[in-house]
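Dear colleague,

I am passing on the structure below, together with some notes on what a look through it turned up. Please read them with the coordinates open beside you.

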Amino acid sequence: QVQVVESGGGLVQAGASLSLSCSVSGSTDPITVIGWYRQAPGKKREVVATISGRGSTYVPDSLEGRFTISRDSAKNLVSLQMNSLKPEDTAVYYCRAEFIGGMGARWDYWGQGTQVTVSS
């Protein structure tokens, strides 16, 4: 059974740092990409950072310099380091793992999310 489990959320003050972790387990299919997404109340879910199996990373320009994603492939563990947090970073943060299965079919699995609240 596939599991994608996030941890590390919480309440912090503006300017603080926070690290989120995502653990992926239970699938025999290779993982292609693991990514972090967030959704604030009343807003669409948006990508925060992604990292491929080869270690290529993507962080949107709006978050570049504050958010960093890294991966321990041996443990299928991905971390999101968030620095200089702002109240607008408040959201539920989700981890998504994308897999490649038989015949090259791709499928994904989402975690339940972890709340990050940044107070001003």
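The model is a predicted one, and I begin with its interior. The largest nonpolar core has 29 residues, and those with the most contacts inside it are W36, F67, L80, M82 and Y93. Two or more residues of this core come from each of the strands β3, β4 (31–39), β5 (46–52), β7 (67–72), β8 (77–82), β9 and β11 (114–119), with β9 giving the largest share, five residues. As a general background to this, nonpolar side chains tend to be buried together in soluble globular proteins.

F67 can serve as an example of the surroundings of one core residue: leaving aside residues up to four places away in sequence, F67 touches V48, V59, L80, M82, L85 and Y93, and its contacts also include R38, Q81, N83 and D89.

Strand β9 comes up again with the disulfide. A search of the whole structure finds one disulfide, formed by C22 and C95, whose sulfur atoms are 2.0 Å apart. The torsion about the S-S bond of C22 and C95 is about -80°, so the disulfide is left-handed. The pair links distant parts of the chain, since C22 lies in strand β3 (residues 18–25) and C95 in strand β9, 73 residues apart. C22 counts as buried at a relative accessibility of 0%, and C95 is likewise buried, with a relative accessible area of 0%.

The aromatic rings deserve a separate paragraph. The count comes to three aromatic pairs, and for Y94 and W110 the ring centres are 6.4 Å apart with the planes at 80°; because an angle over 60 degrees counts as edge-to-face, the pair of Y94 and W110 is assigned to that class. This pair, too, links distant parts of the chain, with Y94 in strand β9 (residues 91–100) and W110 in strand β10 (residues 106–110), 16 residues apart. Y94 counts as buried at 15% relative accessibility, whereas W110, at 28%, counts as partly exposed. Ring pairs also bring in Y37, so that Y37, Y94 and W110 are linked into a cluster.

Which residue places its charged end over the ring of Y94? It is R45, whose charged end sits 3.8 Å from the centre of the Y94 ring, and the charged end of R45 also sits over the ring of W110, 4.6 Å from its centre.

With best regards

Definitions and conventions
Residues numbered from 1 in each chain as written. Predicted model: local features only at pLDDT ≥ 70, side-chain atom pairs only at ≥ 80, totals over all residues. Heavy atoms only, no water. Phe/Tyr/Trp six-rings, centres within 6.5 Å; stacked < 30°, edge-to-face > 60°. Helix = DSSP H or I, 4+ residues; strand = E, 2+ residues; numbered from the N terminus. Buried < 20%, exposed > 50% of the residue type's maximum accessible area, 1.4 Å probe, protein only. Lys NZ or Arg CZ within 6 Å of the ring centre and 35° of its normal. Disulfide = S-S within 2.5 Å. Core = buried A, V, L, I, M, F, W, Y, C linked by side-chain atoms within 4.5 Å. Contact = heavy atoms within 4.5 Å.
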